[in-house]
Amino acid sequence: MSEMEKILTEELYRIAPDIDVAEIDREAELREEFDIDSMDFLNLVMALSKKLKIEMPEADYPDMMTFTKMVEYLEQHSK
Amino acid sequence: MGQFLMPSLGADMEAGTLVEWLVKPGDKVSRGDIIAVVETQKGTIEIEVFEDGVLEGFLVEPGRKVPVGTPLASIVRNNELYPTTLANSGKSDSSFARSEHADSVVLSANTKPTFPAKPLDLSVEEKEGSPKKTERLRITPAARRAAKQAGIDVLSIATRGSGPDGVFTLDDVIALRSTMIDDARQQDNFAGMRKAIAAAMSRSKKEIPHYYLADTVDISLAEQFLTSTNATRSAENRLLLGALHVKVVARALEKYPEFNGHFVDGQFQASKAIHVGVAINIRGGGLVAPALHDANEHDLDSIMSAMRDLVLRVRAGRYRSSELTDATITVSSLGERGVETLFGVIYPPQVALVGIGSPVERPWIADGIIDVRRLTNFTLSADHRVSDGHRGALFLQEIGKILQRPEALKR
């Protein structure tokens, strides 16, 4: 697991402790896979942007819709 | 003398388990202070005190399950404490409380001959290293401090510790505390939550003659408003549609008060304050609908932060007693991942519930043009003993109208 995958997994665990990242479909919609609502998703974005010190504008949400896409997005933006 | 009772947190609650005390004997308490944590079928609830005074002593230890109405602690009320001459003493607040407490001991000893020694006894127990304490149980200073902090009255629970010659040690306090918390937690489980919902909903369907109305609302403007508002905001300041919904319902209720309040003892009591209960899903099963207080008086930003705080606390299993009982209406929203329409069951003693379905894209005719719009179904479940379909329809329509002018919700 890459460093960024670890960070995302950790934050997802805080929100959805009952879901095991190893068992999800990384290409499917994050919200479905982790059963999270818009408030959970906002909290996830808040936590990640704080931790990585990056802006994660709402307009970029479509680029964060799956586990894989989110990891890519975070890697690109946290340079 | 006042008593702090195991509160009833809804018609369906019969008993609760005291998890911990957040105050110590001798502490000054004011109305609204959170002083205890209680475990119920609905989760861990922070309990507020309804009197001003000084906490005299605990009557129930953490870990015990007691019926609703059981006295948990005794409180010496301010008016019982303070001789009138002290009221003008002009001392600072904290020293004021202390000196008044000391006076109360004398006062109650003089005026209540049947229990002359009781308050005195407690004030003595409060002093570190009082001889009374060591007679019963030998306890290390660190253990005593920790027990006091945790609100555990070791003296009434334990007679011997695990230290040399039965001395009660810090480890003993830690072990005792975790046993108490585990015991209390175990009693709250999924089955308990299910039972609580079953009781409340059965009562609702038995007692409340529901009627239902539905309306489709174009939320495109509301969503555009959110998108443009959030575009320049960092994540922690962004608004969600859910906050807008709460605000809209609260605003509409100002015009239609017959949907806001409680039905108690055979009659409806309209509430001046608008406390919107927000149905929040709990991972693993069940839901609760704690109140967002005075939703009509707060702007969108403060509703949003209050909501975020509420959701976090519900998920962590910790919210306040007043939040569970104060709601004057409930808003239940399916969020973005659901179906189009939600028909809710009213939470007694409330008289209405606004259900909000998931937004969908549909062809829509506006100003004679067929367009693709984002639509949401709003429903109203209301109590026919209190209101009729005509007024209900107007109330629901008002919600739709307000959503066409989202800018006006800013104030």
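**Exercise 1. Describe the make-up of chain B.**

Solution. Buried residues account for 48% of the 411 residues in chain B. The model is a predicted one. Next, count the secondary structure: chain B has 13 helices and 20 strands. Finally, look at contacts between residues with a separation of 6 or more: in chain B, 63% of them join residues 24 or more positions apart.

**Exercise 2. Which strands form the open sheet of 4 strands in chain B, and which of them stand at the edges?**

Solution. Step 1: write down the order. The open sheet in chain B runs β1-β8-β6-β3, with antiparallel pairing.

Step 2: find the edges. β1 (2–5) and β3 (28–29) of chain B each have a single partner strand, so one side of each is left without a neighbour in the sheet.

Step 3: examine one pairing. β1(B) is joined to β8 (residues 71–77) of chain B by 4 bridges, and the two run antiparallel. B:L5 has B:P71 of β8(B) opposite it.

As background, strands of a sheet pair through backbone hydrogen bonds, and the sense may be parallel or antiparallel.

**Exercise 3. Find the strands that pair with β17 of chain B, and decide how far β17 is enclosed.**

Solution. Step 1: take the pairing with β12. Strand β12 (residues 276–278) of chain B pairs with β17(B) in the parallel sense, over 3 bridges. Here B:V278 has B:V331 in β17(B) as its bridge partner.

Step 2: take the pairing with β18. β17(B) also pairs in the parallel sense with strand β18 (residues 352–356) of chain B, this time over 4 bridges. B:S333 has its bridge partner in β18(B), namely B:I356.

Step 3: judge the burial. In strand β17 (residues 329–333) of chain B, 4 of the 5 residues are buried, so the strand is largely enclosed by the rest of the structure.

**Exercise 4. Describe the interface between chain A and chain B.**

Solution. Step 1: count residues. On the side of chain A, 24 residues are in contact with 18 residues of chain B.

Step 2: give the area. The two chains bury about 1,700 Å² between them, and 47% of this lies on carbon and sulfur atoms. Within the area that chain A buries against chain B, A:M39, A:L42 and A:E58 supply 35%, more than any other three residues.

Step 3: list the polar features. The interface of chain A and chain B holds 4 salt bridges. There are also 11 residue pairs in polar contact across the interface.

Step 4: locate the contributing helices. In chain A, α2 (30–34) and α3 (38–52) each supply at least two residues of the side that touches chain B. The largest share of that side, 8 residues, comes from α3(A).

Step 5: sort by type. The residues of chain A on this side divide into 13 nonpolar, 3 polar and 8 charged.

**Exercise 5. Compare three salt bridges by position and by burial.**

Solution. Step 1: begin with the total. Over all chains, the structure holds 24 salt bridges.

Step 2: take the pair within chain A. The side chains of A:E11 and A:K51 form a salt bridge (3.3 Å, N to O). A:E11 belongs to helix α1 (residues 3–15) of chain A and A:K51 to helix α3 of chain A, so the pair ties together parts that are 40 residues apart in sequence. A:E11 has 6% relative accessibility and counts as buried, whereas A:K51, at 35%, counts as partly exposed.

Step 3: take the pair between chains. A:R31 and B:E336 meet through their side chains in a salt bridge (3.2 Å, N to O). A:R31 lies in helix α2 of chain A and B:E336 in the loop between β17 and β18 of chain B, so this pair joins two chains. A:R31 is buried because its relative accessibility, 9%, is under the 20% limit. B:E336 is partly exposed, with a relative accessible area of 47%.

Step 4: take the pair within chain B. In the salt bridge of B:D383 with B:R385, the closest N and O atoms are 2.7 Å apart. B:D383 is buried at 0% relative accessible area, while B:R385 is partly exposed at 37%.

**Exercise 6. Which residues of chain B are linked in a network of salt bridges?**

Solution. The network links B:E46, B:D309, B:R313, B:R320 and B:E323.

Conventions. Residues are numbered from 1 along each chain as its sequence is written. Chains are lettered from A and ligands numbered from 1 in the order in which they are written. This is a predicted model: local features need pLDDT of at least 70, side-chain atom pairs count only at pLDDT 80 or more; totals for chains, interfaces and linings use all residues. Side-chain values use heavy atoms; hydrogens and water are left out. Contact means heavy atoms within 4.5 Å. Buried area is the accessible area (1.4 Å probe) that two parts lose on being put together, summed over both. A polar contact is a pair of N or O atoms within 3.5 Å; within protein, one must be able to donate a hydrogen and the other to accept it, and residues adjacent in sequence count only if both atoms are side-chain atoms. Ala, Val, Leu, Ile, Met, Phe, Trp, Tyr, Cys and Pro count as nonpolar, Asp, Glu, Lys and Arg as charged, and the others, Gly among them, as polar. Two strands pair if DSSP finds at least two bridges between them. Buried means under 20% relative accessible area, exposed over 50%, partly exposed in between (1.4 Å probe, protein chains only).
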